[in-house]
Structure formats: C-alpha cells, structure tokens
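Colleague: I am new to this structure and would be grateful for a close look at a single part of it, namely the surroundings of the bound ligands. Please begin there and then continue to the neighbouring topics that help a newcomer to read the model.

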Amino acid sequence: MINHLITQKNWQTQLSEAITSIDELLVLLGLESLREQVYTPEHFKMRVPRAFVTKMRVGDADDPLLKQVLPDNQEQIAVTGYVADPLAENEQNPIKGMLHKYESRVLLTITGACAIHCRYCFRQHFDYNANMPTSAVQEDIIAYINEHPDISEVILSGGDPLSISNRRLFAWLDTLESIEQLTTIRLHTRLPLVIPERLDNELLERLAQSRCHIVMVIHCNHANEIDEHTSTYLKRARAANIMLLNQTVLLAGINDDVDTQVDLSLRLFAAGVLPYYLHMLDKVKGAAHFDADERSNIELYWLMLAKLPGYLMPKLVRELPNRPFKVPVDIYKIN
Ligand SMILES: *Cc1c(COP(=O)(O)O)cnc(C)c1O
Ligand code: SF4
C-alpha cells in the first residue's frame, strides 16, 4: 500500500522527497537499535529515495540495500591505502567535465547530483563544482572529439546523468548526435533501480529515436533492487531498443557470496539486462569496510562460473590508475 502511494508520484517529486534523515529511515525500518553504530556525515550526507527503501526488509539490520546507504561509524576510520581520489582522475581531465582515459571513448560528468548516496562510491570526495561542463565548454568538447577521430562513443556519467531533467539531457543528446564520428551514446545510471519512474515515456521515446546506438549501464548490486515494478520499467527500456547492461561493485557482506551473485544475474536477465562488469572495490577513503580480499573474490568468481551460463557471467575487473582499460583480474592466480 505504502509502496503504491510512492510509485504514483512522478520521478522529480520522488527525487525531492528522498529521505535524508537517518532517524526517519531507522524508524521506518524499525531499526532504532542501530542508532549507536551510525553517524551523521558532514559531506556526502545520507540520501535515499523512498521507493528504494520499500525494497528493504523491515527489521533487518543486515539488509543488503540498507547497508549500501546507511552511514556506518566504520567510514570514519582512516585505513592506509584508502584515499580520496583512488583513480587519480583529477589528472585526466583534458577539459572540465571530460575524462579521456580509454582510446575510443570519453566520459562526461554532466552533473554531480545523484538520487541516492552509495557509501562505497569512489566519487564521494570528487569536487564536482570545479569540474562541471558548462555550456561554454560544450564547444570545447565537440572540438576535442573532432580532433580525436578514434573516439566513437561518449559516456554520460556523473553523478547520475538521469538526475537532470529531460530537457537538459535531450540538449546533450542533440549535441552529441550532431557529431558524425560518434556511433554510440552510453548512460551510466543507478536511477532506474532507485526511482524506476525516471524511465518515463518521454525519455524512452527520445532514446528510441536516436541515430546512435544507445547503451544504458545500470548499477545494480543486489537482486532485491529489482522487484516486479522495477522490472516492468527495465523491460520497457528494452522494448525501446536500448541495450541494457549492468555493472556491480563487489561489496563485503552485501553481495560477496555465490548465491547472491547467481540470483543477481538471473534477476537481471529476467528484466532484460545482461551482466557486464563485476568491479573490485575502488580503494576510496571511508569504504574499506566494504572491501573483500582479492583471493576470496577470485574464489567467488570460480563458484559463479560453475553455476551460470557464460552469457550471464560479468567480467571481473579492477580499475587501476593510468591503465588504458579496466584490468581483468587474474583468476588463475589461485587455481
Ligand atoms: C569505465 C570508463 C570508461 C568505459 O570503459 P568500458 O570498458 O568501455 O566500459 C570510459 N572512460 C572512463 C574514464 C571510465 O572510467
Ligand atoms: S549513484 Fe553512482 S555516482 Fe551516485 S553515489 Fe551511487 S555509486 Fe556514486
């Protein structure tokens, strides 16, 4: 019933009504007992839309969706090797708001805003204000792409690129589609899982009409994020000819066991999404408690290989600074 009332609202309303009070969240979930182990961050505050909260289990302190958003005291423990900018991205901006690390594709951070704040996020310390492409730099971006004929794909990222309005997003699409050498536009977004109504008809129709291939990489970490309602919206996106892929971050205590990963792949497939990447955690400050050691991650991967069809196996990768691709993890190291 509560669920139904929330999902009747349009996505902008849902976005503005996201829960930012830790007390409110704990009361809603009947978990006031957790008050002791959480804190109120000054930066990268807690933020979670209600539609996502309805997918959490009431009374379960170990809920895998709750753990992704609840600011745990452990974030405040400094751990050697976990730093503010683990990918040294601040050094790879040829133009404000553009990252060019890989030969054929560039990534644009078109907004710093996200619908949800994921505690493991590697961009949580990123200075978006200093790094947002303004309309003035759009010209520079077009010129840069023209000067680099190897670039065939532009990735819209952020923040979450679907947190901006359709009007602003369509302006980006118009600009990119006018660049002849581009064949593909990709969106990396978590919004379809957090507020499925974001995949509204206006957006899907616009994407279906694009002259470019449209790829949408959703960031789903657990099968519980895809309920029937979410699945319906994802299938609509598929029907609009959008290639749907998923990337997951391996998170200790949330999804680092074989049953959880198998369920995730199967649930994604049922919703029309193929697994793409399984990322080892980027070593960002405040997220050390989500990290699992490499050996157990590799063992997990072997167990998945034995259970899943090849087309439902994500690639196990880690991102390393100054490498021209996401680096496949050497799974033969232990077998
Ligand atoms: C991840 C990433 C890409 C895309 O890489 P794929 O392997 O094509 O998914 C492109 N640019 C940057 C800066 C990235 O971090
Ligand atoms: S949606 Fe993505 S960019 Fe935003 S906080 Fe979560 S992981 Fe970070």
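**The ligand surroundings**

Modeller: The shell of ligand 2 is made up of F44, C114, I116, C118, C121 and R190. By class, this shell holds 5 nonpolar residues, no polar ones and 1 charged residue. Please bear in mind throughout that the model is a predicted one.

One member of this shell, F44, deserves a closer description. F44 belongs to the loop between α3 (22-28) and α4. The phi angle of F44 is positive, about 50°, although F44 is not a glycine. F44 counts as buried because its relative accessibility is 19%, and the limit for that class is under 20%.

Ligand 1 has a shell of its own, consisting of L99, K101, Y102, R105, L107, I155, R186, Y276, Y277, E319 and K326. These residues divide into 6 nonpolar, no polar and 5 charged. Three of the charged side chains place a polar atom beside an oxygen atom of ligand 1: for R186 the distance is 2.8 Å, for E319 it is 3.0 Å, and for K326 it is 3.1 Å. Taken alone, ligand 1 exposes 390 Å², of which the protein buries 93%. The elements that give two or more residues to this shell are the strands β1 (98-102), β2 (105-109) and β7 (274-279). Among the contributors, β1 gives the most, with 3 residues.

The loops of the model hold further details. K55 is located in the loop between α4 (50-53) and α5 (66-69). K55 is buried but forms no salt bridge, and the nearest side chain of opposite charge, that of D227, is 4.2 Å away. This separation does not qualify, because a salt bridge requires a side-chain nitrogen of Lys or Arg within 4 Å of a carboxyl oxygen of Asp or Glu. The side chain of K55 does, however, have backbone oxygens beside it: a polar atom of this side chain lies 2.7 Å from the backbone oxygen of L193, and the backbone oxygen of E225 is likewise 2.7 Å from a polar atom of the K55 side chain.

Another charged residue in a loop is E197, which lies between α8 (191-194) and α9 (201-208). E197 counts as buried because its relative accessibility is 8%. In sequence, E197 and A51 are 146 residues apart, while in space their C-alpha atoms are 9.8 Å apart.

Two points of backbone geometry complete the account. The peptide bond that joins G158 and G159 is cis, with omega at about 15°. G159 has its place in the loop between β3 (153-157) and α7 (166-177). N322 is a residue other than glycine with a positive phi, near 65°, and it is found in the loop between β8 (315-318) and β9 (327-328). N322 counts as exposed because its relative accessible area is 56%, and the exposed class begins over 50%. F44 and N322 may thus be read side by side: F44 has a positive phi of about 50° and is buried, whereas N322 has a positive phi near 65° and is exposed.

Definitions and conventions:
Residues numbered from 1 in each chain as written. Chains lettered and ligands numbered in written order. Predicted model: local features only at pLDDT ≥ 70, side-chain atom pairs only at ≥ 80, totals over all residues. Heavy atoms only, no water. Near = heavy atom within 4 Å. Polar contact = N/O pair within 3.5 Å; in protein donor to acceptor, adjacent residues only side chain to side chain. Areas by Shrake-Rupley, 256 points an atom, 1.4 Å probe, with all protein chains shown as cover. Helix = DSSP H or I, 4+ residues; strand = E, 2+ residues; numbered from the N terminus. Nonpolar A, V, L, I, M, F, W, Y, C, P; charged D, E, K, R; others polar. Buried < 20%, exposed > 50% of the residue type's maximum accessible area, 1.4 Å probe, protein only. Lys, Arg positive; Asp, Glu negative; His and termini not counted.
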